[in-house]
Each structure stands twice: as structure tokens, then as C-alpha cells.
Amino acid sequence: MPSALINVPARAKRGDVIEIKTLMSHIMETGYRHIASGEVVPRDIITSFTCRYNGTEIFRADLYPAIAANPFITFFTTVTESGKFEFEWIGDRGFSETASASILVE
Amino acid sequence: MKIIGCIAILTAIAGTALAADIPQSERRSGTSFMSPDTRAMQDEDTANPGMLWVLDGEALWRRKAGVADKACADCHTDARVSMKGVAAHYPAFEKAFGKPVDLEQRINLCRTNHQQATPLAYESHELLALAAYVARQSRGMPIETGDDPEIAPFVEQGRELFMQRQGQLNLGCANCHDDNWDKKLAGSAITQAHPTGYPLYRLEWQSLGSLQRRLRACITGIRAQPYDYGSPELVALELYLMSRARGMAIETPAVRP
């Protein structure tokens, strides 16, 4: 049961630089580990993360096997208008999760 | 395990030291030994990965299970009210067994007796999530474990296990956690072993883990055979540690390096 923790300020002033913090539950299995009998544990990671602000992409990250479980991604953006941040995580084995948060810009 | 490499040096130090209880005024949570970055991660709910388990626990709390087709919430309603302070007095004496049970065992008793469902495995995602959700309701509250007179002999048993030297390295828990808590072992702070934040997220585990998992790791570290999950010895150790930390605040879900 994947879940996400999102931290976006509920309100801000136009032109403010805000920090956005996201945490997604995921095992981030590297694909390099072996079980006792020698078989490789298949890779199972998040491969991409995107954030859109009122439909426009403002941040994107590609993720790789060396990233720890439950990736915590934070970044900054300048707020221009009230609206919605939409987050999307895509990964191996059809992993696809979304979350969103609203902001009031005054 | 990097810890083992440096244990030999510690064995030499511990060989001369005598186990003495930590004075009340010097008691410190494991949190106070951590770097500012790790503390910041613990302190902020949206940065603390342990909160992922708390969220899952909240969903499980409301999910019907077992032959009885009942959810935890059907009997205990709002956990924020009914579970407030509960984790702060576990392990607690269970009359039906005549011995103490820890929080995970208590939850499994409700699974089997009240939901008529199969017990959840130790360290399974579901059991950790429920334990984290229940314990989260006690965050900030002082630990009260051990005031039940019926439980006193088990606290004493836990204390003996804590003092007893064992394993190929012939170390007792007290040699590290009472006598050398202000020192380091392979770069890790030894700490006073107060179980204030369990279940907690360990960066090394990349997961939430129970207090029993932590204790088994320390026992393996001294090259002794770890007690089984749910064994009376591990529950007695949990009980002793919790009563030793009486008055300290619950921090679940904590974060540790």
C-alpha cells in the first residue's frame, strides 16, 4: 500500500520562494542483491518523479538504484498564482502513484 | 557488521568497568545523540519515513478482518482517544497468561481473540504499521511501564538479562549502555538504550523495525544466539528497558541512524 507524505505551505505571497517536500513509500530494490540460493532479487525502483504547477512541469528527477528506500525529494519554486501542485512517481513493475496539494497565493 | 570490528577494543574497556545505573538526571533519549539532520527528519512529520507506517496503520485500524469481520475501530472507535497513553504502559501484565505481553503481542491477541483472524507475523508491514499507529497516540506522554506489582518479578528478570555477560565477546548490555553510553562504537553513538521511539525507522534498515529487532541486533553484535521473536526473554528485556525509562517521553515513530 504505497502512501506519500507531502509538505507544501497552504498559503504564500506572490513571488515567494517556497520549499516543497515529498516522501514516497517504496522499497527501492537495487537489482544487485542475491538471496541465499544465489538468485538475483529483481530490480524494483522508482525511475521518475515529476511535479506540475497548474499543469506546467516545474521539476523532474530521474531515480537510480543507489537511492535509498522511501525517497525523500525536496526542491524550491517561486509561487505565481493560487492553484495545485501535482506529483507523479513512476517506476518498475508498472508502479505509478500520484498526489496533489493546493496553495493559496495572495 | 562494522560494529563487530570495534567490539574487541570495547571489551577491553568494559572488562574493568562495573555496571552502575545511570542517574535520573543524566538520562538521555537516543535522539539527543543524533546529528541535527537526523533529528530534523524525526521532528517533522512530512520528512519522517516512520509516518508512512503510521498512515498505513490508520487505514488498517479501520479495515475489517477475520471471521468476526470487525475492524479495530469497531470496538476501540477513535484511536486518538482510546489508544492515548496505551503504549506508554507496555509491556503490561496479561492475567490470562500470568506474564507480560508487549504491544505487538497485545495487538495480535485482539487479532486472534476479538477479530478471529490469524496473528500477524513479527516485523510484518501490517503489525509494524498497527503498532506504530497505536504508539503514535502516546507521543510526548511519559513512560509508565512497570508500576503493576504483578509484573515486578519480570522486570527483575529483564534486569538480570541486561546485566548478564553473554556471547563469544562475553559482554552484557550494561557494559555498553550503562557504563559506556557516552562513547562510540565504530562511529555509532552507543547511547543509553532507552526504548522511547519504537517502532522506529532506522536508516540502516531502510525500514521501520520493532524494539525486539533492535535487541536481536545488539545480541548478534556480541556474538550470542539471539532469543526468538516473542520469547519471554525479549519481552522481559523490553519490560526492563521501558521501566528503566519511566518518565521519559514516547517519541514514536523515531528515526535512528
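**Notebook: chain B, loops, cores and helix packing**

I began with Gln137(B), which sits in the loop between helix 7 (125-136) and helix 8 (152-163) of chain B. Note to self: this is a predicted model.

Is Gln137(B) buried or exposed? I got a relative accessible area of 14%, and since buried means under 20%, Gln137(B) counts as buried. Next I checked where its side chain goes: it reaches the backbone oxygen of Tyr133(B) at 2.9 Å. I then listed the contacts of Gln137(B), skipping neighbours within four places in sequence, and found Ala79(B), Arg80(B), Met83(B), Lys84(B) and Gly85(B).

**Cores**

I moved on to the largest nonpolar core, which has 34 residues. Which of its members touch the most others? I noted Trp53(B), Trp61(B), Leu103(B) and Ile107(B). The elements giving two or more residues to this core are helix 3 (50-61), helix 4 (72-76), helix 6 (103-114) and helix 7 of chain B. Helix 7 of chain B gives the most, with nine residues.

I looked up Trp53(B) by itself, again leaving out residues up to four places away in sequence. Within chain B, its partners include His125(B), Leu128(B), Ala129(B) and Ala132(B), and also Tyr201(B), Ser207(B) and Leu208(B). Trp53(B) touches Asn70(A) as well, so I wrote down the chain letter with care. Apart from this core I found another, of 25 residues, with Ile151(B), Leu211(B), Leu215(B) and Ala224(B) among them.

**Helix 3 on helix 7**

How do these two helices of chain B pack? I read an angle of about 95 degrees between helix 3 and helix 7, with the axes 7 Å apart. Angles of 65 to 115 degrees count as roughly perpendicular, so I filed helix 3 of chain B as roughly perpendicular to helix 7 of chain B.

From helix 3 of chain B, the residues in this contact include Met51(B), Trp53(B), Val54(B), Leu60(B) and Trp61(B). On the helix 7 side, I noted His125(B), Leu128(B), Ala129(B), Ala132(B) and Tyr133(B), among others. Sorted by class, the contact has 11 nonpolar, two polar and four charged residues.

**Helix 10 and what follows**

In helix 10 (residues 211-221) of chain B, I marked Leu211(B), Gln212(B), Arg214(B), Leu215(B), Ala217(B), Ile219(B) and Gly221(B) as buried. At the start of helix 10, a side-chain oxygen of Ser210(B) comes to within 3.3 Å of the backbone nitrogen of Gln212(B).

After helix 10 of chain B comes Arg223(B), with a positive phi near 55 degrees. Arg223(B) is not a glycine, so I flagged it, because most residues other than glycine have a negative phi. Arg223(B) lies in the loop between helix 10 and helix 11 (232-244) of chain B and is partly exposed, at 38% relative accessible area.

**Other backbone oddities**

I also flagged Asn170(B), another non-glycine residue with a positive phi, near 50 degrees. Asn170(B) is in the loop between helix 8 and helix 9 (173-177) of chain B, and at 40% relative accessibility it counts as partly exposed.

Last, I went through the peptide bonds, knowing that most are trans. Tyr90(B) and Pro91(B) are joined by a cis bond, with omega about -10 degrees. Pro91(B) is in the loop between helix 5 (79-82) and strand 1 (92-94) of chain B. Tyr198(B) and Pro199(B) also share a cis bond, with omega about -10 degrees. I placed Pro199(B) in the loop between strand 4 (188-189) and strand 5 (200-202) of chain B.

Note on methods:
Residues are numbered from 1 along each chain as its sequence is written. Chains are lettered from A and ligands numbered from 1 in the order in which they are written. This is a predicted model: local features need pLDDT of at least 70, side-chain atom pairs count only at pLDDT 80 or more; totals for chains, interfaces and linings use all residues. Side-chain values use heavy atoms; hydrogens and water are left out. Helices (H or I, at least four residues) and strands (E, at least two) are DSSP runs, numbered from the N terminus. Buried means under 20% relative accessible area, exposed over 50%, partly exposed in between (1.4 Å probe, protein chains only). A polar contact is a pair of N or O atoms within 3.5 Å; within protein, one must be able to donate a hydrogen and the other to accept it, and residues adjacent in sequence count only if both atoms are side-chain atoms. Contact means heavy atoms within 4.5 Å. A nonpolar core is a set of buried Ala, Val, Leu, Ile, Met, Phe, Trp, Tyr and Cys residues joined through side-chain atoms within 4.5 Å. Axes are lines fitted to C-alpha atoms, for helices over the stretch in contact, and angles run from 0 to 180 degrees between N-to-C directions. Angles under 35 degrees count as roughly parallel, over 145 as roughly antiparallel, 65 to 115 as roughly perpendicular and the rest as oblique. Ala, Val, Leu, Ile, Met, Phe, Trp, Tyr, Cys and Pro count as nonpolar, Asp, Glu, Lys and Arg as charged, and the others, Gly among them, as polar.
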